Amino acid sequence: MIAATVGSAVGLGNIWRFPAEVQSNGGAVFLAIYILCVLLLGIPVMLAEFSLGRAGHSDAVGVFKNLKAGKCWWAVGGLAILASYLILCFYMVVAGWTFEYLWQSISGGLFSPEVGESASTHYVMKMESFVTDSYNPLINTYMMILINLVVLLAGVQKGIERISNVMMPVLFLILLIFIGVSLTLPGAAEGLEFFLKPDFSKISATTVVNALGQAFFSLSLGMGILITYSSYFPKDAKLTRTAMTVSLLDLLVAVMMGLIIFPAVTSFGLSSEGLRGATLVFITLPEVFGQMPMTQLWSILFFLLLTVAALTSTISIAEVSVAFIRDRFKMKRWKACLIVLMPLFVLSALCSLSLGPLSHIRLAGFNIFDFLDNMATNIMLPIGSIFLCIYVGWFAPKTMLPDQLTNNGTIRSRMYRPVLFIIRYIAPLLIGLVLISYFI
Ligand code: PHE
């Protein structure tokens with residue numbers, strides 16, 4: 001159970017998105033607020049989702065029906081499903097990048113600079129010219145959509161998940177090795193300082209909103225995923241312990257990535273202006289591999305693991321929409337799969353092209369990729385979580401939360417009171433305030 005939930009939580013969010021957010025939000029301040037968000041809001045909201053899922057025993061929309069909530073509460077589930085779909089649009093693009101880097105590692109192309117190119121500019125140029133290209137990233141994104149389609153149509157998600165459960169610990173181990181390499185690079189201290197020594201004068205509403213969004217994204221909160229997962233949890237599963245373990249492991253992986261990336265950024269002099277946060281991991285990691293014996297082997301191993309991690313995430317996000325459409329419209333599974341995945345050929349393509357040929361299209365000042373990411377992650381997930389907390393804290397059957405946290409009174413839960421307090425008052429207020437201050 002913990003493995004499945006960690007499998008959903010740990011993904012590109014920790015490895016690609018977290019370092020990018022740290023980079024563009026002033027470093028250690030972001031980390032400090034992020035940790036607060038995970039501990040103070042992430043864990044209680046996760047417990048709210050777990051309780052709702054196990055008590056309501058259905059998907060994000062169905063739980064509200066099963067618990068006999070008034071009609072409008074279904075919209076909260078609907079918002080979650082919509083957010084998860086928007087996230088899928090750009091997540092698929094980054095999954096495609098991972099796939100490309102896997103092939104480039106296997107062919108060796110990733111590590112062969114053009115004549116006259118220094119190693120550092122090689123990786124920057126490589127990634128920049130790749131993501132801004134019209135065809136190449138698109139082909140990889142399409143490959144990932146097709147792989148998703150095949151897995152979903154063949155109904156072998158469980159098999160893939162099992163493979164990923166074996167691979168996750170391997171990923172963890174090799175990250176440890178990379179930390180060792182990164183920390184011993186010349187100039188590593190400066191990068192560590194950027195990542196670990198907060199300068200609180202740099203706090204702004206944007207930093208807080210971004211940290212909150214990242215916490216929800218990384219913990220897979222507010223997307224209906226954990227509601228669905230927990231509906232399969234056994235009766236005697238300890239929800240509090242599961243939520244804490246999952247959240248702390250997820251946080252750990254993110255912090256480990258920071259310890260790998262930022263020493264490398266300063267050591268290789270990469271912190272220059274114009275370096276896109278979104279491409280950070282794909283530039284710094286090959287640099288780190290270059291410092292290791294058997295460069296290519298590490299690179300293949302890492303990008304293979306990351307591709308599988310991305311695949312399990314895209315499949316589980318798509319599955320939310322597939323299950324919803326199938327149940328709602330009583331449709332055959334294959335039809336629902338096509339309805340969910342086909343539009344991605346256009347929507348993900350738009351995200352991908354918005355970094356290159358379509359970069360002139362601006363929505364609220366963002367390109368399409370960043371707009372979708374910002375809207376879904378930083379706005380829809382927090383709003384959905386506010387309503388989720390209000391429902392669980394105030395409107396759900398009074399005994400639901402205590403029964404779920406104490407397994408119907410069979411175990412003690414010291415967390416119950418503080419969690420209820422946070423879900424009722426702190427989370428809705430704090431998240432609401434953060435969102436309001438972001439907009440004004
Ligand atoms: N939490 C995952 C990550 O960090 C993303 C995800 C969201 C996966 C929702 C599944 C469902 O990459």
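A pocket is an open set of grid points with protein on both sides within 12 Å along at least five of seven lines, and a residue lines a pocket when it has an atom within 4 Å of one of those points. With that idea in hand, we can take a friendly walk through this structure, which is a predicted model.

## Two pockets

Let us begin with the largest pocket. Which helix gives the most to its lining? That is α14, with seven residues. Helix α14 spans residues 295–328, and it is joined by α8 (157–183) and α11 (225–230) in supplying at least two residues each to this lining. The lining has 24 residues, and those nearest the centre of the pocket are Lys158, Thr228, Tyr229, Tyr232 and Glu319. Sorted by class, the lining holds eleven nonpolar, six polar and seven charged residues. The space inside the largest pocket comes to about 640 Å³.

The second largest pocket holds about 440 Å³ of space. Its lining is made of 21 residues, with Glu21, Ser24, Asp370, Asp373 and Asn374 the closest to its centre. Which helices each supply at least two residues here? They are α2 (12–24), α10 (205–218) and α17 (368–395). By class, this lining divides into eight nonpolar, eight polar and five charged residues.

## Cavities inside the protein

Pockets are open, but a cavity is a space where a 1.4 Å probe fits but cannot get out. How many cavities of 30 Å³ or more does a search of the whole structure find? The search finds three.

The largest cavity contains about 120 Å³ of space. Helix α14 appears again, giving the largest share of this lining with three residues. Helices α1 (2–9), α5 and α14 each supply at least two residues to it. Among the residues that line this cavity are Ser8, Ile87, Tyr91, Ser220 and Ser313. Seven of the lining residues are nonpolar, five are polar and none is charged.

The second largest cavity has about 70 Å³ of space. Helices α5 and α17 each supply at least two residues to its lining. The lining includes Glu49, Phe64, Val76, Ile227 and Leu388. Its classes are six nonpolar, five polar and one charged.

Here are the four spaces side by side.

| Space | Volume | Lining by class |
|---|---|---|
| Largest pocket | about 640 Å³ | eleven nonpolar, six polar, seven charged residues |
| Second largest pocket | about 440 Å³ | eight nonpolar, eight polar, five charged residues |
| Largest cavity | about 120 Å³ | seven nonpolar, five polar, no charged residues |
| Second largest cavity | about 70 Å³ | six nonpolar, five polar, one charged residues |

## Following helix α5

Helix α5 helps to line both of these cavities, and it deserves a visit of its own. It runs over residues 74–107, which makes 34 residues. From its first C-alpha to its last it reaches 49 Å, close to the 50 Å expected at 1.5 Å a residue. Where is the kink in α5 centred? The kink, of about 30°, is centred on Cys89.

Why is α5 described as largely enclosed by the rest of the structure? Of its 34 residues, 26 are buried, so most of the helix is surrounded in this way. Just after α5 comes Gly108, whose phi is positive, near 90°.

## Two loop residues with positive phi

Gly108 is a glycine with a positive phi, but Ser220 also has a positive phi, near 55°, in a residue other than glycine. Ser220 sits in the loop between α10 and α11, and it is one of the residues that line the largest cavity. Is Ser220 buried or exposed? Its relative accessible area is 6%, so Ser220 is buried, the cut-off being under 20%.

Asn407 is not a glycine either, and its phi is positive at about 50°. You can find Asn407 in the loop between α18 (400–405) and α19 (416–439). With 7% relative accessibility, Asn407 counts as buried. A polar atom of the Asn407 side chain lies 3.2 Å from the backbone oxygen of Ala237.

## A pair from distant parts of the chain

Our last stop is Ile147, in helix α7 (residues 136–154). At 27% relative accessibility, Ile147 counts as partly exposed. Its C-alpha atom is separated by 8.4 Å from that of Leu311, although Ile147 and Leu311 are 164 residues apart along the chain.

Notes: Residues are numbered from 1 along each chain as its sequence is written. This is a predicted model: local features need pLDDT of at least 70, side-chain atom pairs count only at pLDDT 80 or more; totals for chains, interfaces and linings use all residues. Side-chain values use heavy atoms; hydrogens and water are left out. Helices (H or I, at least four residues) and strands (E, at least two) are DSSP runs, numbered from the N terminus. The expected span of a helix is 1.5 Å times one less than its number of residues. The bend at a residue is the angle between axes fitted to the seven residues ending there and the seven starting there. Buried means under 20% relative accessible area, exposed over 50%, partly exposed in between (1.4 Å probe, protein chains only). Grid points are joined across faces, edges and corners, and a volume is the space filled by probe spheres set on the points. Ala, Val, Leu, Ile, Met, Phe, Trp, Tyr, Cys and Pro count as nonpolar, Asp, Glu, Lys and Arg as charged, and the others, Gly among them, as polar. A polar contact is a pair of N or O atoms within 3.5 Å; within protein, one must be able to donate a hydrogen and the other to accept it, and residues adjacent in sequence count only if both atoms are side-chain atoms.
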